Amino acid sequence: MGKPYSVLVVDDHPLLRRGICQLIGSDKDFTLFGEAGSGLDALSAVANDEPDIILLDLNMKGMTGLDTLNGLRQEGVTSRIVILTVSDAKQDVIRLLRAGADGYLLKDTEPDLLLEKLKHAMLGHRVISEAVEEYLFELKNATDENEWIDALTPRELQILEHLAEGMSNRLISEQLHISEGTVKVHVKNLLRKANAKSRTEMAVRYLNR
């Protein structure tokens, strides 16, 4: 393997955070990018440079894991974001995966398995703890096809509306006064949230909502 994967650990429990950081540091395939005790700290930590993986706690004081995830994606962060939490509640799992998380792992995961799952996430797989895996079936067969739209940030919604009008990335970037690269990142996040294969499929689903 080449360069080790860099990891940002976001958790508001100092003791737990230290333990996770030590675990990351113990495996030569990983390097610690940094640690953050809140969602706001996480957003500042990735302002100039982003890690390969962000391990994100769900139930934090202030900005929740969901708020932080939405904030990171809104900033155009393309890191793999894996939720690490004690919550095995179905609505949490579905909500976070819909919002664009790349994984959902429980804090009682064996340390070695956690590292294994993070490596899997870096290979492009969605990583889920076995105990909550069954909810994925409901995620795929969700009764409400439009719930992904509710999980979008205001900027993503704006871009989706322009996409539905058939506008190109360049036109959208001119219209919204943002760079074409930023539009591309938003489109990529939109496709993931919509679980769509193409812009057209996504636009059709949005127009037929």
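This text walks through a predicted model, from its sheet to its helices and salt bridges.

Start with the sheet. Six strands form an open sheet in the order β2-β1-β3-β4-β5-β6, and their pairing is parallel. The edges are β2, residues 30-36, and β6, residues 127-128. Each has a single partner strand, so one side of each is left without a neighbour in the sheet.

Now look at β3, residues 53-56. Strand β1, residues 5-10, runs parallel to β3, and four bridges join the two. Across this pairing, Val9 stands opposite Leu55. Leu8 stands opposite Ile54. Four bridges also join β3 to β4, again in parallel. There Ile54 faces Ile81 of β4. Ile54 thus has Leu8 of β1 opposite it and Ile81 of β4 opposite it as well.

What covers β3? Both of its faces are covered. Ile53 and Leu55 lie on one side, Ile54 and Leu56 on the other, and all four are buried.

Helices pack on this sheet. Helix α1, residues 14-25, touches β1, β2, β3 and β4, the last being residues 80-85. The direction of α1 makes about 160 degrees with that of β2. Helix α4, residues 90-98, also packs on the sheet. The strands touched by α4 are β4, β5 (103-106) and β6. Its direction makes about 145 degrees with that of β5.

Next, the segment before β1, where Pro4 is found. Pro4 is partly exposed, with a relative accessible area of 30%. Pro4 and Phe30 are 26 residues apart in sequence, yet their C-alpha atoms are 4.7 Å apart in space. Phe30 is one of the contacts of Pro4 beyond its neighbours within four places in sequence. The others are Lys28, Asp29, Thr31 and Asp52.

Asp29 leads on to the salt bridges. Side chains of opposite charge can pair when their charged atoms come close. The model has 12 salt bridges. One of them joins Lys119 to Asp29, with the closest N and O atoms 3.1 Å apart. This pair links distant parts of the chain, 90 residues apart. Lys119 sits in helix α5, residues 111-122, and Asp29 in the loop between α1 and β2. Both Lys119 and Asp29 are buried.

A second salt bridge stays within one helix. Arg95 and Asp92 meet at 3.9 Å, N to O. Both lie in helix α4, three residues apart, about one turn of the helix. Are the two partners buried or partly exposed? Arg95 has a relative accessible area of 42%, so Arg95 is partly exposed. Asp92 has a relative accessible area of 16%, so Asp92 is buried.

A third salt bridge connects two helices. The closest N and O atoms of Lys193 and Glu156 are 2.8 Å apart. Lys193 lies in helix α10, residues 180-194, and Glu156 in helix α8, residues 154-164. The pair therefore ties together parts that are 37 residues apart in sequence. Lys193 is buried, with a relative accessible area of 4%. Glu156 is buried too, at 0% relative accessibility. Elsewhere, salt bridges that share partners join Arg73, Arg80, Asp102 and Arg192 into one network.

Lys193 also meets Asn70. Asn70 lies in helix α3, residues 65-74. At 17% relative accessibility, Asn70 counts as buried. Beyond its neighbours within four places in sequence, Asn70 is in contact with Ala99, Ala151 and Thr153 as well as Lys193.

Finish with helix α8 and its contact with helix α11, residues 199-207. At what angle do α8 and α11 pack? The angle is about 100 degrees, with the axes 9 Å apart. The two helices are therefore roughly perpendicular to each other. From α8, the contact takes in Leu157, Leu160, Glu161, Leu163 and Ala164. From α11 come Arg199, Met202, Ala203, Tyr206 and Leu207. By class, the contact has eight nonpolar residues, two charged residues and no polar ones.

Technical notes: Residues are numbered from 1 along each chain as its sequence is written. This is a predicted model: local features need pLDDT of at least 70, side-chain atom pairs count only at pLDDT 80 or more; totals for chains, interfaces and linings use all residues. Side-chain values use heavy atoms; hydrogens and water are left out. Two strands pair if DSSP finds at least two bridges between them. Contact means heavy atoms within 4.5 Å. Axes are lines fitted to C-alpha atoms, for helices over the stretch in contact, and angles run from 0 to 180 degrees between N-to-C directions. A salt bridge is a side-chain nitrogen of Lys or Arg within 4 Å of a carboxyl oxygen of Asp or Glu. Buried means under 20% relative accessible area, exposed over 50%, partly exposed in between (1.4 Å probe, protein chains only). Angles under 35 degrees count as roughly parallel, over 145 as roughly antiparallel, 65 to 115 as roughly perpendicular and the rest as oblique. Ala, Val, Leu, Ile, Met, Phe, Trp, Tyr, Cys and Pro count as nonpolar, Asp, Glu, Lys and Arg as charged, and the others, Gly among them, as polar.
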